[in-house]
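Me: Please take a close look at one part of this structure and set it in the context of the whole. I am a first-year student, so I would be grateful for an account that explains its reasoning step by step.

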Amino acid sequence: MARPSLTLTDQQQAVVEHTTGPALVVAVAGAGKTTAMVHRIAHLVRAGVFPARRILATSFNRDANEQIRKALRRWPTCEAVRVQTLHSLGYSIVRLGADQGLLPPLAAQGHLDTSGRRTLHAALEQARGARAPYAPQLDRLDYDDFLTYVSACKADLAYADLRARQLPRAARKMARQADAPAAARWWLDFYRLYETERQARNWLTFDDMLLSAWELLMRHPELLAMVQRRYACVIVDEYQDVNRGQAEILDLLVKPHGNLM
């Protein structure tokens, strides 16, 4: 393969020329990972290894994705490459599940509660109205701390009430029951109520874009197969290994072929 006009290092060139199978690229900030990534995508399309429309390029935030899109514009043949954040990918899976009738229909507007605060206020109102045992402590609740706890649980596939979700056996091996913080044992009960209120309203938080997507893929093999057929190659820029939900979704997507970098 002829080297592109932009001179790449030998290490970057090795990334570009990798075709099929798994690969892990480790580099410090500013080493040119994204540059190597987009040149690899262009090479895969030009060489006919994968059609552009079956390549997924993803990162964990919108700014990084916009950089990928901008860099790919120099190759018109890469126009059909799918570039989206991992949360956007999860959300698209949730919407597909709703369209397939596997979830209650999502409202045209108002089904997103990305921050989780609307759900939190609904749970607070319900707990106070029902005079929950922990109701007096709600006045001292740090909302940000509690939402961080919920977010960490969902990222780790830790359910407020694992048994009640009745997950299939394969999913139960990966998911776990959430633990209560040592300094606030009542938070787990409130997390259960928080989830009850969210599900009753069919709201989706930022974290549920991944958790609900993973659960859908684990529950419905036909949906999983449909999503797997979309992607013949997945490339993740600046992978975040602290989010188990992301990792499990990616593993599911590439299971038929292993083409993950």
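Reply: A residue is called exposed when its relative accessible area is over 50%, buried when it is under 20%, and partly exposed in between. R131, at 74% relative accessibility, is therefore exposed. The model discussed here is a predicted one. The part chosen for the close look is helix α10, and the overall setting comes before it.

The protein chain contains twelve helices and five strands. Its C-alpha atoms fill a box of roughly 70 × 40 × 35 Å along the principal axes. Of the 261 residues in the protein chain, 48% are buried. Among contacts with a separation of 6 or more, 73% join residues 24 or more positions apart.

Helix α10 covers residues 208-219. How does the span of α10 agree with its twelve residues? At 1.5 Å a residue the helix should span 16 Å, and its end C-alpha atoms lie 15 Å apart, so the two values agree. As for its surroundings, α10 is mostly covered, since eleven of its twelve residues are buried. The buried residues are D208, M209, L210, L211, S212, A213, W214, E215, L216, L217 and M218.

The next matter is how α10 meets its neighbour. Two packed helices are described by the angle between their axes and by the distance between those axes. For α10 and helix α11 (residues 221-230), the axes come within 5 Å and cross at roughly 110 degrees. An angle from 65 to 115 degrees counts as roughly perpendicular, and therefore α10 is roughly perpendicular to α11. On the α10 side the contact is made by L216, L217 and R219, and on the α11 side by P221, L223, L224 and V227. These residues of the contact divide into six nonpolar, no polar and one charged. Of the α10 residues in the contact, L216 and L217 also belong to the buried set.

One residue of α11 leads to another part of the chain. The C-alpha atom of L223 is 8.5 Å from that of Q100, although the two residues are 123 residues apart along the chain. Q100 is found in the loop between α4 and α5. Its relative accessible area is 42%, so Q100 is partly exposed.

Charged residues give a second view of the setting. Side chains of opposite charge can pair when their charged atoms come close. A salt bridge here requires a side-chain nitrogen of Lys or Arg within 4 Å of a carboxyl oxygen of Asp or Glu, and the count by this rule comes to 14. In one of these, D189 pairs with R192, with the closest N and O atoms 2.6 Å apart. Both residues lie in helix α9 (residues 187-201), three residues apart, which is about one turn of the helix. D189 is partly exposed at 38% relative accessibility, and R192 is partly exposed at 29%. Salt bridges that share partners also join K154, E195, R198 and D208 into one network. D208 is one of the buried residues of α10, so this network includes a residue of the helix under discussion.

A similar arrangement is seen in helix α3 (residues 62-72). There R69 forms a salt bridge with E66, the closest N and O atoms being 3.4 Å apart. Because the pair is three residues apart in α3, about one helical turn separates R69 from E66. R69 is partly exposed at 33% relative accessibility, and E66 is partly exposed at 37%.

The network member R198 also leads to helix α5. T119 lies in helix α5 (residues 117-129) and is buried, with a relative accessible area of 0%. Apart from its neighbours within four places in sequence, T119 is in contact with D113, Y194, R198, W203 and T205.

Finally, the backbone deserves a word, and it brings the account back to R131. Most residues other than glycine have a negative phi. R131, however, has a positive phi of about 50 degrees and is found in the loop between α5 and α6. L157 likewise has a positive phi, near 60 degrees, and is placed in the loop between α6 and β3. Is L157 buried or exposed? L157 is buried, at 0% relative accessibility, whereas R131 is exposed.

Note on methods
Residues are numbered from 1 along each chain as its sequence is written. This is a predicted model: local features need pLDDT of at least 70, side-chain atom pairs count only at pLDDT 80 or more; totals for chains, interfaces and linings use all residues. Side-chain values use heavy atoms; hydrogens and water are left out. Axes are lines fitted to C-alpha atoms, for helices over the stretch in contact, and angles run from 0 to 180 degrees between N-to-C directions. Helices (H or I, at least four residues) and strands (E, at least two) are DSSP runs, numbered from the N terminus. Angles under 35 degrees count as roughly parallel, over 145 as roughly antiparallel, 65 to 115 as roughly perpendicular and the rest as oblique. Contact means heavy atoms within 4.5 Å. Ala, Val, Leu, Ile, Met, Phe, Trp, Tyr, Cys and Pro count as nonpolar, Asp, Glu, Lys and Arg as charged, and the others, Gly among them, as polar. Buried means under 20% relative accessible area, exposed over 50%, partly exposed in between (1.4 Å probe, protein chains only). The expected span of a helix is 1.5 Å times one less than its number of residues.
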